[in-house]
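Reader: I'd like to go through the labels people put on a model like this one and ask what earns each of them. Can we take them one by one?

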Amino acid sequence: MPTAPVALRAAIHQALSSNSGLLAALGGARVYDEPPRDAALPYVTLGEARISDASADDSPMQEHQLTLHAWSRQGGHREAHVITGALLQALDDAPLQPAGHRLVNLRFALADIRREPDGRTYHALVRFRAVTEPNN
């Protein structure tokens, strides 16, 4: 059985890779753990994760703080906002099923959309909070 962080990350990747709204916003299946060197923009990458113990009583639980990154270079901030919205639609309170674990909840936490120093690229950091527990 994979660990909760590995299982949750795989479930999120699968959910994003099959979400028609996100695929339309990206212009195709451009969701990566590690983007290829020549990845066409726009795309989304699975980013940093912070895992902490959220156990209650005798129930082992983990809290996951997950960051997704969206990258865009299409004349202004609009595309980055559209992709961010598609990420929210795809994941906020989504009924994912990470292998060997139960997803207690998955909720949007915050988004930060900014222009990168090159002046052309927009970068959206989209954070979610999840809680998991092992399947019994």
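What follows is a short exchange about a helix, a histidine and some salt bridges.

Author: One thing before we start: this is a predicted model.

Reader: Fine. What makes the span of α3 close to the expected one?

Author: Helix α3 runs over residues 78-91, 14 residues in all. From its first C-alpha to its last it reaches 20 Å, and 20 Å is also what you'd expect at 1.5 Å a residue.

Reader: Which residues of α3 are buried?

Author: E79, A80, I83, T84, A86, L87, A90 and L91. Buried means under 20% relative accessible area.

Reader: How do you know that they sit on the same side of α3?

Author: From the arc: the buried residues cover only 160° around the axis, which puts them on the same side of α3. As background, an α-helix has 3.6 residues a turn, so residues three or four places apart point the same way. On the other side of α3, R78 and Q89 are exposed, and that label takes over 50%.

Reader: And what covers the buried residues of α3?

Author: The cover includes the helices α1 (4-17) and α2 (20-26), along with the strands β2 (43-53), β3 (62-72), β4 (101-115) and β5 (122-134). Just after α3 comes D93, with a positive phi near 65°.

Reader: On to H123, in strand β5. Why is H123 called buried?

Author: Its relative accessible area is 6%. The cut-off for buried is under 20%, so H123 qualifies with its 6%.

Reader: What makes the pairing of the H123 and H69 side chains a polar contact?

Author: The distance is 2.7 Å, and the limit is 3.5 Å for a pair of N or O atoms, one able to donate a hydrogen and the other to accept it. The H123 side chain has a polar contact with the side chain of E116 too, at 3.4 Å, so that pair also falls within 3.5 Å.

Reader: Which residues is H123 in contact with, leaving aside neighbours within four places in sequence?

Author: H69, A70, W71, D112, I113, R114 and E116.

Reader: How many salt bridges does a search of the whole structure find?

Author: It finds 8. One of them joins the side chains of R129 and E63, at 3.1 Å from N to O. With R129 in strand β5 and E63 in strand β3, the pair ties together parts that are 66 residues apart in sequence.

Reader: Buried or partly exposed: what is E63 called, and what is R129 called?

Author: E63 has 17%, and under 20% is buried, so E63 gets that label. R129 has 33%; partly exposed runs between 20% and 50%, so R129 counts as partly exposed.

Reader: Why is the pair of D118 and R73 called a salt bridge?

Author: The closest N and O atoms are 3.8 Å apart, and the rule asks for a side-chain nitrogen of Lys or Arg within 4 Å of a carboxyl oxygen of Asp or Glu. So D118 and R73 pass at 3.8 Å. D118 lies in the loop between β4 and β5 and R73 in the loop between β3 and α3, so parts 45 residues apart in sequence are tied together.

Reader: What about E116 and R114?

Author: They form a salt bridge as well, with closest N and O atoms 3.9 Å apart, and the cut-off is 4 Å. E116 is partly exposed at 21%, and R114 is partly exposed at 36%. Elsewhere, salt bridges that share partners join D92, D93 and R107 into one network.

Notes. Residues numbered from 1 in each chain as written. Predicted model: local features only at pLDDT ≥ 70, side-chain atom pairs only at ≥ 80, totals over all residues. Heavy atoms only, no water. Helix = DSSP H or I, 4+ residues; strand = E, 2+ residues; numbered from the N terminus. Expected span 1.5 Å × (residues − 1). Buried < 20%, exposed > 50% of the residue type's maximum accessible area, 1.4 Å probe, protein only. Arc of directions from axis to C-beta. Contact = heavy atoms within 4.5 Å.
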